[in-house]
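This report describes the architecture of one protein chain, with attention to its strand pairing, its buried positions and its charged contacts.

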Amino acid sequence: MRTQRQVVDYSLQKRAVLRELLAGRIGTYDVCDASPYLKNAARFHGEPTDHRCPICRSENLIHVHYIYGDELKQSAGQARTRAELPVLAMTLREFQVFVVEVCPGCDWNHLVEQFLLGRDGLAGEAEGAEDSVAANGSTPRRRREAQR
């Protein structure tokens, strides 16, 4: 997605949880506790992946995208399909997306990543282009005005 920024990846945290599970310090019931709402969101709004569940290894994981932001009002906290995100990103200034992986078989769930989307990211790309022009030798207009 073009406006995706401030990405936080939770793969190290996932590996730590799986290591604790394999060492016997936590039980399967502690990590396989998906709520009925999360399972329904996975069924109706989830995106299937090619990755097997790390616990039961019999089902493929499903990614669920939850959206949060001030402009969303009543829609905040809803699950959306991945196809809906670019449309929302072009209509809203900024919103946060949380991606949760869910196993429909054993109820494993874990936060995979979070990131920002929205039109504000397009403005950041334009400023980045000005900075790259400055690196090439030409001075942006704002800096010339500041020198006067």
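A residue is called buried when its relative accessible area is under 20%, exposed when that area is over 50%, and partly exposed in between. By this scale Glu 84, at 31% relative accessibility, is partly exposed. The coordinates discussed here belong to a predicted model.

**Overall architecture**

Six helices and six strands make up the secondary structure of the chain. Read from the N terminus, these elements follow the order β-α-α-α-β-β-β-α-β-β-α-α. Of the 148 residues in the chain, 32% are buried. The accessible surface amounts to about 9,500 Å², and carbon and sulfur atoms contribute 49% of it. Among contacts with a separation of 6 or more, 58% link residues that lie 24 or more positions apart.

**Strand 3 and its partners**

Strand 3 spans residues 60-68, and seven of its nine residues are buried. Strand 3 pairs with strand 2 (residues 47-52) in the antiparallel sense through three bridges. In one of the pairings, Arg 52 has Asn 60 of strand 3 as its bridge partner. Strand 3 also runs antiparallel to strand 5, to which seven bridges join it. Here Tyr 66 is placed opposite Phe 98 of strand 5. A further antiparallel pairing, over two bridges, connects strand 3 with strand 4; in this case His 65 faces Arg 80 of strand 4. In a regular strand, side chains alternate between the two faces of the sheet.

**Helix 4 and what covers it**

Which residues of helix 4 are buried? Helix 4 comprises residues 84-91, and its buried residues are Leu 85, Leu 88 and Ala 89. These three lie on the same side of helix 4, because they cover an arc of only 105 degrees around the axis. An α-helix has 3.6 residues a turn, so residues three or four places apart point the same way. The cover over the buried residues of helix 4 includes strand 3 (60-68), strand 4 (79-80), strand 5 (95-102) and strand 6 (109-117).

Thr 91 also belongs to helix 4, but with 46% relative accessibility it is partly exposed. The C-alpha atoms of Thr 91 and Arg 119 are 7.1 Å apart, although the two residues are separated by 28 residues in sequence.

**Salt bridges**

The whole structure contains four salt bridges. Three of them are listed below, each with the distance between nitrogen and oxygen.

| Basic residue | Acidic residue | N to O distance |
|---|---|---|
| Arg 25 | Glu 20 | 2.9 Å |
| Lys 39 | Asp 107 | 3.5 Å |
| Arg 80 | Glu 84 | 3.8 Å |

The pair formed by Lys 39 and Asp 107 joins two separate parts of the chain. Lys 39 lies in helix 3 (residues 36-45) and Asp 107 in the loop between strand 5 and strand 6, so this salt bridge ties together parts that are 68 residues apart in sequence. Asp 107 is buried at 18% relative accessibility, whereas Lys 39 is partly exposed at 29%.

In the salt bridge of Arg 25 with Glu 20, Arg 25 is exposed, having a relative accessible area of 55%. Its partner Glu 20 is partly exposed at 29% relative accessibility. For the salt bridge between Arg 80 and Glu 84, the burial of the two residues is again unlike: Arg 80 is buried at 15% relative accessibility, while Glu 84 is partly exposed at 31%. Arg 80 thus takes part in a salt bridge and also stands opposite His 65 in the strand pairing described above.

**Cysteines**

How many disulfides does the whole structure contain? The search finds zero. Cys 53 is in no disulfide, and the nearest cysteine sulfur, that of Cys 106, is 3.5 Å away. Cys 106 likewise is in no disulfide, with the sulfur of Cys 53 as its nearest cysteine sulfur. The pair is not counted because a disulfide requires the two sulfur atoms to be within 2.5 Å. A disulfide is a covalent bond between the sulfur atoms of two cysteines. Both positions fall under the cut-off for burial: Cys 53 has a relative accessible area of 0%, and Cys 106 is buried at 18% relative accessibility.

Technical notes:
Residues numbered from 1 in each chain as written. Predicted model: local features only at pLDDT ≥ 70, side-chain atom pairs only at ≥ 80, totals over all residues. Heavy atoms only, no water. Helix = DSSP H or I, 4+ residues; strand = E, 2+ residues; numbered from the N terminus. Buried < 20%, exposed > 50% of the residue type's maximum accessible area, 1.4 Å probe, protein only. Contact = heavy atoms within 4.5 Å. Areas by Shrake-Rupley, 256 points an atom, 1.4 Å probe, with all protein chains shown as cover. Arc of directions from axis to C-beta. Pairing = 2+ DSSP bridges. Salt bridge = Lys/Arg side-chain N within 4 Å of Asp/Glu carboxyl O.
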